[in-house]
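The following paragraphs lead a new reader through a structure, beginning at a bound molecule and moving outwards. Please keep the sequence and the model in view while reading.

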Amino acid sequence: GDELVAAVHRLITHADEVRRLGVRTNADTADDAARARRFGAEGIGLCRTEHMFLGERREAVERLILADNDGDRDAALAELEPLQRGDFLELLAAMDGQPVTIRLIDPPLHEFLPSMEDLAVKVALARERGEDPGHDAALLAAVERLHEENPMLGLRGVRLGLVIPGLFAMQVRAIASAAVELKQQGKHPQPEIMIPLVGAVQELHLARDEVERVIAELGVEWDIPIGTMIELPRAAVIADQIAEAADFFSFGTNDLTQTTWGFSRDDVEGAFFSRYLEKGIFAVSPFESIDREGVGALVRTGVDRGRATKPDLKLGICGEHGGDPDSIHFFHDAGLDYVSCSPFRIPVARLEAGRATLD
Ligand code: PEP
Ligand code: MG
């Protein structure tokens, strides 16, 4: 046992000496971040912030989304901001001295809305009893207005940030003020702010302007990199334009695979892909291992066009493929700077990144 552990340790140490790819982790909590650090992570490549809006904060989020006036909206945001600040203080402290890419909120909206069916039943029952459904009726009308047949192709990511005034600004204030506080304590926080699901450069410009405005208002005296996910085919194709407004790209190969193939990432296994695999039509799912001909070609396009605009553009990948050995070889060849994967996959990612160099 001990000898094997020592041998693996030597192997990974050797891989670290030769690898060109950095290895970061996907982590949303200080616990995950600390675990990833023990596995050798060199930063966080993706902190998904949407989970921070669930649980007991859900009610404030519901009020935020359903608000029909500035006062209600601002009140909900004011409730959420100190909680977010606490989230980022913990996370940045756990990763002190290493880059932490924090992605602004990217939920499919339906995850935050009360169930339309439940509300409809409540309203109908109240009416049957001859009671006034009051608040529930108003809520139902709002939920119906926001209902989407395909939430994963709807009001997500940057779209949500542009449609709900103050939402991105609240998160950015929480991130930047947490970093300022840690600096005052003599620590070395390195937040990076990432805008999700950008498909048009106009979206990125608007979001970036807002992020920069908030950072300037707080009087932050150092640069906080602002970048974007490349996770829609259109973003890869116009990466030359997008690079003008981005300090870094991170390829979101989960959504990029979903949108390139037109497969729902949540349904494809059950819907038909397991039978494709059984019949031998494909040997592996494109969600597991990078599809070099399609999704991979878009990644290469994004790399080439992005770097044509900005030769020193920092490039990473934070989709699930970032922890897949075969995909890691592809990302090395494509010229990315780092992969980001879940904490437990980090040792294997370090090893494969080393093997990719030797190959
Ligand atoms: C992606 O789309 O690859 C990604 C990393 O973002 P998410 O999985 O959160 O959509
Ligand atoms: Mg995504």
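A residue is taken to be near a molecule when its C-beta atom, placed from the backbone, lies within 6 Å of it. This is a predicted model, in which local features need pLDDT of at least 70 and side-chain atom pairs count only at pLDDT 80 or more, while totals for chains, interfaces and linings use all residues. Residues are numbered from 1 along each chain as its sequence is written, and chains are lettered from A and ligands numbered from 1 in the order in which they are written.

Around ligand 1 stand Leu46, Arg48, Asp106, Glu231, Gly252, Thr253, Asn254, Asp255, Cys318 and Gly319. Two elements, strand 2 (44-48) and helix 12 (253-261), each give two or more residues to this shell, where helices (H or I, at least four residues) and strands (E, at least two) are DSSP runs numbered from the N terminus. Helix 12 contributes the most, with three residues. By character the shell divides into two nonpolar, four polar and four charged residues, with Ala, Val, Leu, Ile, Met, Phe, Trp, Tyr, Cys and Pro counted as nonpolar, Asp, Glu, Lys and Arg as charged, and the others, Gly among them, as polar.

Two residues of the shell, Glu231 and Asp255, are covered by the UniProt annotation "binding site", which comes from an unreviewed entry; such annotations, given in the numbering used here and with shortened feature names, may be inferred rather than shown by experiment. Although they are spread over 25 residues of sequence, they cluster in space, with a largest C-alpha distance of 5.4 Å.

Glutamate 231 lies in the loop between strand 5 (226-230) and helix 10 (233-237), whereas aspartate 255 belongs to helix 12. Glutamate 231 is buried because 28 other C-beta atoms lie within 10 Å, and aspartate 255 counts as buried because it has 24 C-beta neighbours inside 10 Å; the term requires 20 or more other C-beta atoms within 10 Å of the residue's own, with 12 or fewer making a residue exposed and values in between partly exposed, all C-beta atoms being placed from the backbone. Not counting residues up to four places away in sequence, aspartate 255 touches Glu231 and Leu232, contact meaning that C-beta atoms, placed from the backbone, lie within 7 Å.

Away from the ligand, helix 1 (residues 2-18) has 17 residues and reaches 25 Å from its first C-alpha to its last, close to the 24 Å expected, a span calculated as 1.5 Å times one less than its number of residues. Of those 17 residues the number buried is one, so helix 1 lies largely in the open.

Note on methods
Two residues are in contact if their C-beta atoms, placed from the backbone, lie within 7 Å.
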